[in-house]
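User: Hi! I'm new to this structure and would love a quick tour. Could you show it to me first?

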Amino acid sequence: MKTIKLKAQISVLVGLAASIAGAQTNGDAVLPYKQLSTGAGVAMSTTDFNPQIVEHFELNPRPLSANEGLPSYPTGPSNSLKAGSVTTKANGKLRANFPGIGFTGWVPPDPEIAVGPNFIVSTVNSDIAFFNKTTGVKTFQQSMDGSGFFSGIGVTSSFVFDPKCFFDKLSQRFFVIICEEDDATSTSKMLLAVSDDADPAGTWYKYRIETKATDSGNDYWLDYPGFGYNKDAIVFTGNMFPFASGGVFIQFVVIPKAPLLTGGAANAQYLKDNTMFTVQPSRVPEVGQANIYGVSALDSTTIRLVALTNLLATPTLLKKDVAVPSWSRPNAVPAAGGRLLDGLDGRLYNCHFRGGR
């Protein structure tokens, strides 16, 4: 996201009714408006980087006004729903802490983490690093621009931002994306990398995927991506901002997963919707789930649930609104050194699907 403030992660757990795919309530189903091939992936090995660990610091190359271009969230209908409480039940086992990627000079850093059986992949604006999960030893770190981790695939802009990553336990692969954008050339791409196994050291298949959209004669670039998957496909979303003039809408890009696991070309299908902003698609590590669900905050008492169905043929977007307890944008809070920690603007940061929820 183009902003100069810090982000605080906000989590929301939403119970998803199994009938959402058959309960369309918010307009017609959305179908793809275009299809493009990703082209074959470029196989590259992390062992080719020398040295393996390059730590660097640079001032954010694109400092812009905070929360640029964001629409305001309206006040939703009042209701008597009550917010839940924080559970005291232990949800995991604590292990020894160890440092992640240090401050790179980017504000916000947009940190993300992908945890595999033995290794961790971490991304920030705009570096990637690998860690041993047990010892915490860092084994790899590079920048994510065209001279670093994503070299060799034709990256033309030095401005890459908003990385996301996850570990797909179904395919036992790490997936990483980061946006590429350049105003001067009206460039908007998504850089995608897929590991060849559960060890991030070694071969990755890398892609440079078109994300520029044209609507009513205006060209748009993709910002603030969401990144999800299920057994069949991956999907990334993004808020589409005009290079020059125009409105704002959301874009979904659905790509079959199987070809990506071997570096093959895949058919990317594009859908767009102008009734939502910042949709986070879920990560679905369940072999029996055919849909990818997602969430978007519409107003102060409404969450929109979405379902992407028919992923390997004609992806279809369905929508249903759900009332939630009233919420408001988080306030900035005091931090060390007399600074303020910005809670961003209340947009959802991530989404997961487990056991029908």
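Analyst: Happy to. One term will help before we start: a residue is called buried when its relative accessible area is under 20%, exposed when that is over 50%, and partly exposed in between. Also keep in mind that this is a predicted model.

User: Okay, let's try that out. Is Tyr224 buried or exposed?

Analyst: Tyr224 has a relative accessible area of 5%, so the residue is buried. Tyr224 is part of strand β12. Its backbone has a positive phi of about 50 degrees, although Tyr224 is not a glycine.

User: Which other residue that is not a glycine has a positive phi?

Analyst: Asp110 has one, at about 50 degrees. Asp110 sits in the loop between β2 and β3, and with 4% relative accessibility Asp110 is buried.

User: What else is in that loop?

Analyst: Pro51 is there, in the loop between β2 and β3, and the peptide bond that joins Asn50 to Pro51 is cis, with omega about 5 degrees. Pro108 lies in the loop between β2 and β3 as well. The bond from Val107 to Pro108 is cis too, with omega near 5 degrees.

User: And where is Leu59?

Analyst: Leu59 is found in the loop between β2 (42-45) and β3 (112-115). With a relative accessible area of 67%, Leu59 is exposed. Together with Phe57 and Phe103, Leu59 makes a nonpolar surface patch of about 380 Å².

User: Let's go inside. How many residues does the largest nonpolar core have?

Analyst: The largest nonpolar core has 41 residues, and Phe175, Leu192, Ile234, Ile255 and Leu260 have the most contacts inside it. Strand β12 (residues 218-229) gives the most to this core, namely five residues.

User: What does Leu260 touch?

Analyst: Leaving out residues up to four places away in sequence, Leu260 touches Phe175, Leu192, Val194, Tyr205, Tyr207, Ile234, Ile255 and Ala266. There is also a second, separate core of 20 residues, and Val121, Met144, Val160 and Trp204 are among its members.

User: Switching to charges: how many salt bridges are there?

Analyst: A search of the whole structure finds nine. One of them pairs the side chains of Arg208 and Glu180, at 2.8 Å from N to O. Arg208 is in strand β10 (residues 203-210) and Glu180 in strand β8 (residues 173-182), so this pair ties together parts 28 residues apart in sequence.

User: Are those two buried or exposed?

Analyst: Arg208 counts as partly exposed, at 23% relative accessibility, whereas Glu180 is buried at 1%.

User: Got another example?

Analyst: Sure. Lys189 and Glu210 form a salt bridge through their side chains, 2.6 Å from N to O. Since Lys189 belongs to strand β9 (residues 187-195) and Glu210 to strand β10, the pair ties together parts 21 residues apart in sequence. Lys189 is buried, with 17% relative accessible area, while Glu210 is partly exposed at 22%.

User: One more, please!

Analyst: The side chains of Arg304 and Asp321 also meet in a salt bridge, 2.7 Å from N to O. Arg304 is in strand β18 (residues 302-309) and Asp321 in strand β19 (residues 316-323), 17 residues apart. Arg304 is buried at 7% relative accessible area, but Asp321 is partly exposed at 29%.

User: Last thing: how many disulfides are there?

Analyst: The count comes to zero disulfides. As for individual cysteines, Cys179 is buried at 1% relative accessibility, and Cys351 is buried with a relative accessible area of 10%.

How values were computed: Residues are numbered from 1 along each chain as its sequence is written. This is a predicted model: local features need pLDDT of at least 70, side-chain atom pairs count only at pLDDT 80 or more; totals for chains, interfaces and linings use all residues. Side-chain values use heavy atoms; hydrogens and water are left out. A salt bridge is a side-chain nitrogen of Lys or Arg within 4 Å of a carboxyl oxygen of Asp or Glu. Helices (H or I, at least four residues) and strands (E, at least two) are DSSP runs, numbered from the N terminus. Buried means under 20% relative accessible area, exposed over 50%, partly exposed in between (1.4 Å probe, protein chains only). Patches are made of residues with over 30% relative accessible area and no salt bridge: like charges are joined within 9 Å, nonpolar side chains (Val, Leu, Ile, Met, Phe, Trp, Tyr) within 5 Å. Accessible areas come from the Shrake-Rupley method with a 1.4 Å probe; for residues, only the protein chains shown count as cover. A nonpolar core is a set of buried Ala, Val, Leu, Ile, Met, Phe, Trp, Tyr and Cys residues joined through side-chain atoms within 4.5 Å. Contact means heavy atoms within 4.5 Å. A disulfide is a pair of cysteine sulfur atoms within 2.5 Å.
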